[in-house]
Amino acid sequence: MEGSDKKPTEISSTKMFDGYNKRYKHYSPTLGCSMTFYIYFPPSPSGPSHKFPVLYWLSGLSCSDENFIVKSGAQRVASSKGVALIAPDTSPRGLNVEGESDSWDFGVGAGFYLNATQAKWKNWQMYDYIVKELPALISENFPELDTSRASISGHSMGGHGALTIYLKNLDKYKSVSAFAPIVNPINCPWGQKAFTNYLGENKAAWEEYDATFLISRFNNVAATILIDQGDEDKFLQEQLLPHKFEEACRKVNVPLLLRTQPGYDHSYYFIATFIDDHIRHHAQALNL
């Protein structure tokens with residue numbers, strides 16, 4: 001691929017709260033396929049030199065880069081606070097690996113934000129895409145965005161991604177938050193299925209992508225970790241296990257604000273209800 005092919009091409013633009021949702025397509029060398037992502041650009045203040053800090057949003061199982069932008073309503077506070085939102089996709093697409101679309105919780109739409117080590121899934125390098133390739137691409141192509149001032153958030157599988165990526169890269173992100181995250185994937189069916197197929201049977205490799213394990217090693221956090229969890233979430237007891245992460249944080253004195261929200265489920269109705277608090281949480285950490 002020539003360098004020019006790797007440059008993002010704008011494929012849509014929609015005005016919202018005086019800023020713009022813009023969708024881009026580019027070729028990803030990390031993943032070996034074309035990828036799409038969204039950026040919400042807040043309205044620009046006067047003055048040519050202003051740069052917006054960024055908040056990465058990692059979506060959950062079966063989602064794409066569209067769900068958050070269309071459903072969350074995050075743009076309202078992002079616009080007023082001057083935070084750019086970056087929403088990538090959740091896996092490589094179009095590679096036609098056998099079995100990639102057989103189930104909604106593995107393969108396409110289910111990259112788990114890790115670097116797969118098993119040969120069949122060698123293109124599933126979402127950790128490197130999110131941590132390395134995408135920030136470099138943003139920095140090179142969007143001078144109005146300041147990727148050195150970045151925070152990260154996500155939902156469910158994306159909450160797992162946000163927490164693990166943050167903890168392993170405390171120098172790269174100012175803060176983290178999550179909605180109903182998978183915080184202890186080595187002990188839940190979703191995680192066990194994904195990790196067995198992507199990473200093989202070596203449990204030590206699994207621990208590298210488990211927030212409950214990582215917090216014991218990487219706990220010099222600069223800002224309180226914010227997690228919202230609905231108590232009517234049907235995945236709460238079997239898949240999400242927030243108490244495991246809460247216990248692990250307590251052991252190493254990590255500031256965690258885990259809010260149980262009565263009556264809320266796992267959906268974007270839940271996310272939309274509390275997203276404003278999360279945007280403000282990150283705006284504060286980004287010194288806005």
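Q: What is meant by the expected span of a helix?
A: The expected span is 1.5 Å times one less than the number of residues in the helix. In this predicted model, α5 has 12 residues, and 16 Å is what you'd expect at 1.5 Å a residue. From first C-alpha to last, α5 reaches 17 Å, which is close to that value.

Q: What makes α5 count as mostly covered?
A: Buried means under 20% relative accessible area, and 12 of the 12 residues of α5 are buried. Among them are Met157, His160, Tyr166 and Lys168.

Q: Why is glycine 154 called buried?
A: The cut-off is under 20%, and glycine 154 has a relative accessible area of 0%, so it is buried. Glycine 154 sits in strand β6, residues 145–155.

Q: Which residues does glycine 154 touch, leaving out those up to four places away in sequence?
A: Contact takes heavy atoms within 4.5 Å. On that basis glycine 154 touches Trp57, Leu58, Gly159, Ala162, Ser177, Ala178 and Phe179. As for phenylalanine 68, its C-alpha is 9.3 Å from that of glycine 154, with the two positions 86 residues apart in sequence.

Q: Is phenylalanine 235 buried or exposed, and why?
A: Exposed would take over 50%, buried under 20%. Phenylalanine 235 comes in at 18% relative accessibility, so it counts as buried. You'll find phenylalanine 235 in the loop between β8 (225–230) and α9.

Q: What is phenylalanine 235 in contact with, leaving aside its neighbours within four places in sequence?
A: Its partners are Trp190, Leu240 and His266. There's also aspartate 265, 30 residues along the chain from phenylalanine 235, with 8.9 Å separating the two C-alpha atoms.

Q: Which residues of α6 are buried?
A: In α6 (residues 189–199), they are Trp190, Gly191, Ala194, Phe195, Tyr198 and Leu199. These buried residues cover an arc of only 110° around the axis, so they lie on the same side of α6. What covers them includes α5, α7 (203–207) and α9 (236–240). Right after α6 comes glycine 200, with a positive phi near 85°.

Q: How many residues line the largest pocket, and which lie nearest its centre?
A: There are 14 lining residues, with Leu61, Ser62, Cys63, His155 and His266 nearest the centre. The volume of this pocket is about 190 Å³.

Q: How does the lining of the largest pocket divide into nonpolar, polar and charged?
A: The lining has 6 nonpolar, 7 polar and 1 charged residues. Cys counts as nonpolar in this scheme.

Conventions:
Residues are numbered from 1 along each chain as its sequence is written. This is a predicted model: local features need pLDDT of at least 70, side-chain atom pairs count only at pLDDT 80 or more; totals for chains, interfaces and linings use all residues. Side-chain values use heavy atoms; hydrogens and water are left out. Buried means under 20% relative accessible area, exposed over 50%, partly exposed in between (1.4 Å probe, protein chains only). Helices (H or I, at least four residues) and strands (E, at least two) are DSSP runs, numbered from the N terminus. The arc is that of the directions from the helix axis to the C-beta atoms. On a 1 Å grid over the protein atoms alone, a cavity is a set of points where a 1.4 Å probe fits but cannot get out, and a pocket is an open set with protein on both sides within 12 Å along at least five of seven lines; lining residues have an atom within 4 Å of a point. Grid points are joined across faces, edges and corners, and a volume is the space filled by probe spheres set on the points.
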